[in-house]
Each structure stands twice: as C-alpha cells, then as structure tokens.
Amino acid sequence: MIPVKVDKSDSTDLYQQVAAEIRRAIAEGEAKPGERLPLAKDLAAVLGVNTNTVLRALRLLRDEGLLEFQRGRGITVAGTMEHGAVVERARELVLFARHHGYRMDELIEIINSVPTAPRPALTDEAT
C-alpha cells in the first residue's frame, strides 16, 4: 500500500493532502505506472477520513492524468509526474485560450503550427 498520511490539524483540505501524498508516491517511484491503488474505502479507513474525501483526491489525480479509473480493474497509476504536469499545463492553456475567445479547433490549429525546433536564445546583441 502507498504510504499516505494526513494531518487533520493542517489548514490544507484533507483531499488535497491525500492527493499530494499520492503525487509524492508517484514522483518517488513508490507507485509505478500500471500499478493498482487500494480501494478508496480501504485508503479512507487507514487514513481515518471519509471515503468521499479519498474519492475527491483520486478524481483530482485522474483529471491531472496521473490515475486511470477502469471498470473491473480499479484505479491504476496512469502516468508519471511529468505527464501530470503536461496535462495540467494543457488544461491551463485551454482555459487561457477560451478566456480569450478561441475555440478548441482554433487552439489545435495554433498548436499544430508551433515549430517543434527550439527557438534560438536571444543574445544581448539581438535585444
């Protein structure tokens, strides 16, 4: 079982603490891609929190691309912290684009037009 702990005296929401502990376990390799997590009710019992608190944390991590919910297989680690970071940045980009009036198809077109080669660094002479 992934070692997860919460501090009920901390002002951070319990679901955020649970999510952070699972992120840490993934980042440190304690939970590897493809590995199944314990049932939410079992995690909740060990932590002494409500099952809904654990489910909220797990849904947050699913939305970040770190966990995958599969019927019949339970909850598995889907990706690495790097993958989760890319998903989060993509979410931020989508929200930013929508805020500025871009549709998803327009955003995809912009992304596809971005050169894949790194831009040359600006030098003092160029500025």
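Buried means under 20% relative accessible area, exposed means over 50%, and partly exposed lies in between. With that cut-off in hand, L93 is partly exposed because its relative accessible area is 36%. The legends below walk through close-up views of a predicted model.

**Figure 1. The whole protein is built from 5 helices and 2 strands.** Following the sequence, these elements come in the pattern α-α-α-β-β-α-α. Of the 127 residues in the protein, 28% are buried. The fold also brings together parts of the chain that are well separated in sequence: among contacts between residues at least 6 apart in sequence, 49% join residues at least 24 apart. The remaining views take a few places in turn, beginning with the helix pairs.

**Figure 2. Helix 2 packs against helix 3.** Here is the pair formed by helix 2 (residues 40-47) and helix 3 (residues 51-63). Two packed helices are described by the angle between their axes and the distance between the axes. For this pair the angle is about 120° and the axes are 8 Å apart. Helix 2 and helix 3 are therefore oblique to each other. The crossing of helix 2 past helix 3 is right-handed. To find the contact, look for A40, K41, L43, A44 and L47 on helix 2, and for T51, V54, L55 and L58 on helix 3. Sorted by class, the residues of this contact are 7 nonpolar, 1 polar and 1 charged.

**Figure 3. Helix 2 has a buried side and an exposed side.** Which residues of helix 2 are buried? They are A40, L43, A44 and L47. Looking down the axis of helix 2, these buried residues fall within an arc of 100°, so they line one face of the helix. An α-helix has 3.6 residues a turn, so residues three or four places apart point the same way. On the other side of helix 2 you will find K41, A45 and V46, which are exposed. The cover over the buried residues of helix 2 includes helix 1 (14-27) and helix 3. Follow the chain just past the end of helix 2 and you reach G48, which takes a positive phi of about 70°.

**Figure 4. Helix 1 crosses helix 3 at roughly 50°.** The axes of helix 1 and helix 3 come within 8 Å. With that crossing angle, helix 1 is oblique to helix 3. The crossing of helix 1 past helix 3 is right-handed. From helix 1, the residues L14, Y15, Q16, V18, A19, I22 and R23 meet T53, R56, A57, L58, L60 and L61 of helix 3. This contact of helix 1 with helix 3 divides into 9 nonpolar, 2 polar and 2 charged residues. L58 of helix 3 is worth a second look, since L58 is listed in the contact with helix 1 and also in the contact with helix 2.

**Figure 5. T53 sits in helix 3.** Is T53 buried or exposed? Its relative accessibility is 18%, so T53 counts as buried. Leaving out residues up to four places away in sequence, T53 touches L14 and Y15. Both of those partners appear among the helix 1 residues that meet helix 3.

**Figure 6. A31 lies in the loop between helix 1 and helix 2.** How accessible is a residue in this loop? A31 has 1% relative accessibility and therefore counts as buried. A31 and G79 are 48 residues apart in sequence, while their C-alpha atoms are 9.9 Å apart in space.

**Figure 7. V87 belongs to helix 4 (residues 81-99).** At 22% relative accessibility, V87 counts as partly exposed. Setting aside neighbours within four places in sequence, V87 is in contact with D63, E64 and G65. One of these, D63, falls within helix 3 (residues 51-63). Along the chain, V87 and L66 are 21 residues apart, and their C-alpha atoms are separated by 9.0 Å.

**Figure 8. L93 is also placed in helix 4.** This view returns to the residue from the opening, which is partly exposed with a relative accessible area of 36%. Which residues does L93 contact, leaving aside neighbours within four places in sequence? They are L107 and I111. L93 and L107 are 14 residues apart in sequence, with 8.9 Å from C-alpha to C-alpha.

Key
Residues are numbered from 1 along each chain as its sequence is written. This is a predicted model: local features need pLDDT of at least 70, side-chain atom pairs count only at pLDDT 80 or more; totals for chains, interfaces and linings use all residues. Side-chain values use heavy atoms; hydrogens and water are left out. Axes are lines fitted to C-alpha atoms, for helices over the stretch in contact, and angles run from 0 to 180 degrees between N-to-C directions. Helices (H or I, at least four residues) and strands (E, at least two) are DSSP runs, numbered from the N terminus. Angles under 35 degrees count as roughly parallel, over 145 as roughly antiparallel, 65 to 115 as roughly perpendicular and the rest as oblique. A crossing is left-handed if the near helix is turned anticlockwise from the far one by less than a right angle, and right-handed if clockwise. Contact means heavy atoms within 4.5 Å. Ala, Val, Leu, Ile, Met, Phe, Trp, Tyr, Cys and Pro count as nonpolar, Asp, Glu, Lys and Arg as charged, and the others, Gly among them, as polar. Buried means under 20% relative accessible area, exposed over 50%, partly exposed in between (1.4 Å probe, protein chains only). The arc is that of the directions from the helix axis to the C-beta atoms.
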